[in-house]
There are 2 protein chains.
Amino acid sequence: MTATVQGAGCPVPHRETERILLGHGSGGQLSAALLRDVIAPALASGAPGAIVDDAAVLEVPGMPDGGSPRPGGSLVFSTDAFVVNPREFPGGCIGDLAVNGTINDLAMMGGRPLALSLAYIIEEGLPVEELRRVSAAVGRAAATAGVPIVTGDTKVVGRGAADGIYLVTSGVGVTGAVRPSASRVQAGDAVLLSGPIAAHGMAVMSAREDFGFDAEILSDTAPLHRMVADLLAAAPATHTLRDPTRGGLASALNEIAETAGIGVDLDEAALPVAEPVRAACDLLGLDPMHVANEGICVAFVPAAQASAALAAMRARPEGVGAVAIGRAVADHPGRVTVRTLIGSQRIVDPLIGEQLPRIC
Amino acid sequence: MTATVQGAGCPVPHRETERILLGHGSGGQLSAALLRDVIAPALASGAPGAIVDDAAVLEVPGMPDGGSPRPGGSLVFSTDAFVVNPREFPGGCIGDLAVNGTINDLAMMGGRPLALSLAYIIEEGLPVEELRRVSAAVGRAAATAGVPIVTGDTKVVGRGAADGIYLVTSGVGVTGAVRPSASRVQAGDAVLLSGPIAAHGMAVMSAREDFGFDAEILSDTAPLHRMVADLLAAAPATHTLRDPTRGGLASALNEIAETAGIGVDLDEAALPVAEPVRAACDLLGLDPMHVANEGICVAFVPAAQASAALAAMRARPEGVGAVAIGRAVADHPGRVTVRTLIGSQRIVDPLIGEQLPRIC
């Protein structure tokens with residue numbers, strides 16, 4: 001059967017049937033567009049105001065809070081799916097990511113994690129031994145973080161309907177006195193970073209392909225809730241926190257700049273990148289600011305409390321490399337710029353397509 | 001290369017490398033064994049006492065309760081993965097299941113649902129229009145139930161690494177005065193069922209294969225939290241609640257019998273099965289008690305409150321078909337029996353393998 005081409009040469013726009021691309025899962029601009037243009041409006045078709053963010057705060061009437069001056073306490077609630085490939089990489093595995101990733105989402109809202117849930121989607125034929133190994137990693141990570149797995153679900157799909165095993169964790173926590181939020185960020189805030197960037201993404205890449213990277217590139221996967229609690233106690237005026245996972249530091253900072261309506265100026269000389277990670281990024285032509293992290297966070301803190309915040313972060317092993325990397329500015333709202341090593345200033349765009357699929 | 005068969009004929013047991021089977025996702029005996037023998041011990045390797053059940057109760061120090069005589073209130077927390085195939089079937093779709101299934105897990109713990117999270121795992125190439133349709137179904141189901149989706153995550157995997165789209169929902173709720181638990185069931189309890197069985201499983205089967213079933217077999221997917229709240233108010237001595245999803249009524253009752261150390265005697269004549277559903281089960285040689293449900297629950301209630309409980313259930317559209325189907329007995333602990341239409345008594349086993357893969 002042949003199709004008649006109607007209106008060939010006509011200027012009416014030709015619109016192909018849209019399909020999901022790998023880039024829609026990048027955590028960058030395509031992800032944001034999918035959420036904004038497709039998922040959120042559709043979810044809201046029945047329930048106006050539905051919000052789909054990394055984590056949500058639930059007001060529970062009558063629940064005492066964690067020291068907040070406001071009446072009534074609140075829960076934080078978050079969920080994350082993990083499809084990392086390969087599932088084991090230098091420094092961690094999918095089980096560590098599933099525990100630490102959700103704990104970190106709660107921590108970024110100022111929440112003290114109480115408990116996690118765990119759902120498996122398993123491909124028929126997965127060696128039971130691997131399920132045992134992944135589950136043991138989940139158990140160890142939960143024990144290390146002090147946050148128990150309390151409920152779960154296991155589904156099995158046929159061969160070819162998944163790639164081994166996927167994990168989805170959700171977490172609940174209680175909020176404390178400080179409620180970080182991107183909308184609170186103000187010009188003048190110091191931009192602090194808890195440790196070197198791009199380690200997770202390059203560790204997964206090194207496990208995926210044989211690039212001949214040195215073995216010392218380890219994923220930074222780690223639970224950040226204890227460091228965040230110390231940071232918020234030392235710097236209660238902290239405006240916002242963000243863990244720059246998919247899409248990297250560049251995407252996280254751009255989101256904050258856009259939400260807060262401020263600009264962000266970074267100092268490239270201050271940006272910590274471990275030397276082997278920088279070399280690997282150079283080899284692959286990747287900007288370390290676009291590469292995923294799993295164990296660091298960025299904090300926007302009023303300048304007067306920046307030193308106290310840095311000291312609190314550095315007192316924890318997971319924050320020992322904390323540094324100030326720039327500041328929020330009133331200029332160029334919604335934009336992130338970096339002053340390069342040679343003194344010029346360039347714009348830092350968020351990740352657009354998909355650079356490293358299935359990085360978490 | 002040929003392998004030398006060592007010790008051929010020797011009685012040393014030959015143990016093949018174990019692999020995950022579809023039956024491990026059945027909700028029946030293989031699922032229970034995988035959880036008991038592999039997942040739970042491995043999770044507990046780092047955190048002794050980790051429990052993975054359909055839903056968990058979290059004690060939150062200082063949180064007021066919902067009327068319980070005990071000091072301190074509690075949260076309920078649950079998660080479910082949805083991999084149903086096909087994703088659209090008579091009476092519902094994967095989006096309805098994802099909302100109603102998690103709400104029902106909370107309700108079975110006596111919880112009042114507060115909010116849901118939603119994670120997508122999407123195969124590259126999925127039409128965006130289908131994502132929009134699924135998301136709209138989620139939004140409508142959430143609005144119907146009055147329980148908002150408040151947080152989410154979206155991951156995309158390559159072609160062939162998933163089958164279209166999978167959903168994982170988690171839910172949090174607050175417990176009320178009644179804490180149903182299988183361990184509270186006692187001999188003498190009436191066994192109540194809120195509506196006819198096997199509709200969901202047969203609706204999905206009819207959509208999957210062209211069996212020539214009548215079109216009137218619709219999935220029973222529905223949120224049960226309002227009916228459960230009324231039931232618990234009318235019969236506060238209710239001992240336990242269970243939604244018989246994967247593995248069907250037979251598996252749910254066997255689990256309760258085993259946990260409570262009681263027997264269950266059913267009356268086949270009282271067991272509601274819609275006529276087209278029964279005909280479809282007969283055609284495929286399936287026992288309706290092994291077929292999945294998504295919108296009914298079973299309640300074990302002291303005999304003195306059974307009438308009040310039934311009246312409360314029947315006052316809601318989702319419980320209009322509620323009936324008493326049997327009772328808990330001291331005989332044959334851990335076993336479920338049914339008195340058949342011809343007066344004999346037979347044992348009702350839980351589902352063992354996998355009868356209808358990817359039914360939810």
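**Entry 1: helix axes.** Before anything else, a reminder to myself: axes are lines fitted to C-alpha atoms, for helices over the stretch in contact, and angles run from 0 to 180 degrees between N-to-C directions. I should also jot down that this is a predicted model.

With that settled, I looked up how helix H3 of chain A meets helix H1 (residues 29-43) of chain B. Their axes come within 7 Å and cross at roughly 25 degrees. Angles under 35 degrees count as roughly parallel, so H3(A) is roughly parallel to H1(B). The crossing of H3(A) past H1(B) is right-handed.

**Entry 2: who touches whom.** Which residues make this helix contact? From H3(A) I noted Val128(A), Leu131(A), Arg132(A), Ser135(A), Ala136(A), Val138(A) and Gly139(A). H1(B) answers with Val38(B), Ile39(B), Ala42(B) and Leu43(B). By type, the residues of the contact of H3(A) with H1(B) are 8 nonpolar, 2 polar and 1 charged.

**Entry 3: the whole contact between chains.** Next I stepped back to the two chains. Chain A brings 81 residues to the contact and chain B brings 81 residues. On the chain A side, the elements that each supply at least two residues include helix H1 (29-43), strand E5 (111-123) and helix H3 (128-145). H3(A) gives the most to that side, with 10 residues. I sorted the chain A side into 50 nonpolar, 19 polar and 12 charged residues.

**Entry 4: the core.** Last, I checked the largest nonpolar core, which has 239 residues; Leu192(A) and Leu192(B) touch the most other members. Leaving aside neighbours within four places in sequence, Leu192(B) is in contact with residues including Val298(B), Val301(B), Leu310(B) and Ala324(B).

Terms used
Residues numbered from 1 in each chain as written. Chains lettered and ligands numbered in written order. Predicted model: local features only at pLDDT ≥ 70, side-chain atom pairs only at ≥ 80, totals over all residues. Contact = placed C-beta atoms within 7 Å. Helix = DSSP H or I, 4+ residues; strand = E, 2+ residues; numbered from the N terminus. Nonpolar A, V, L, I, M, F, W, Y, C, P; charged D, E, K, R; others polar. Core = buried A, V, L, I, M, F, W, Y, C linked by C-beta atoms within 7 Å. Buried ≥ 20, exposed ≤ 12 C-beta atoms within 10 Å, placed from the backbone. Parallel < 35°, antiparallel > 145°, perpendicular 65-115°, else oblique. Left-handed = near helix turned anticlockwise from the far one by under 90°.
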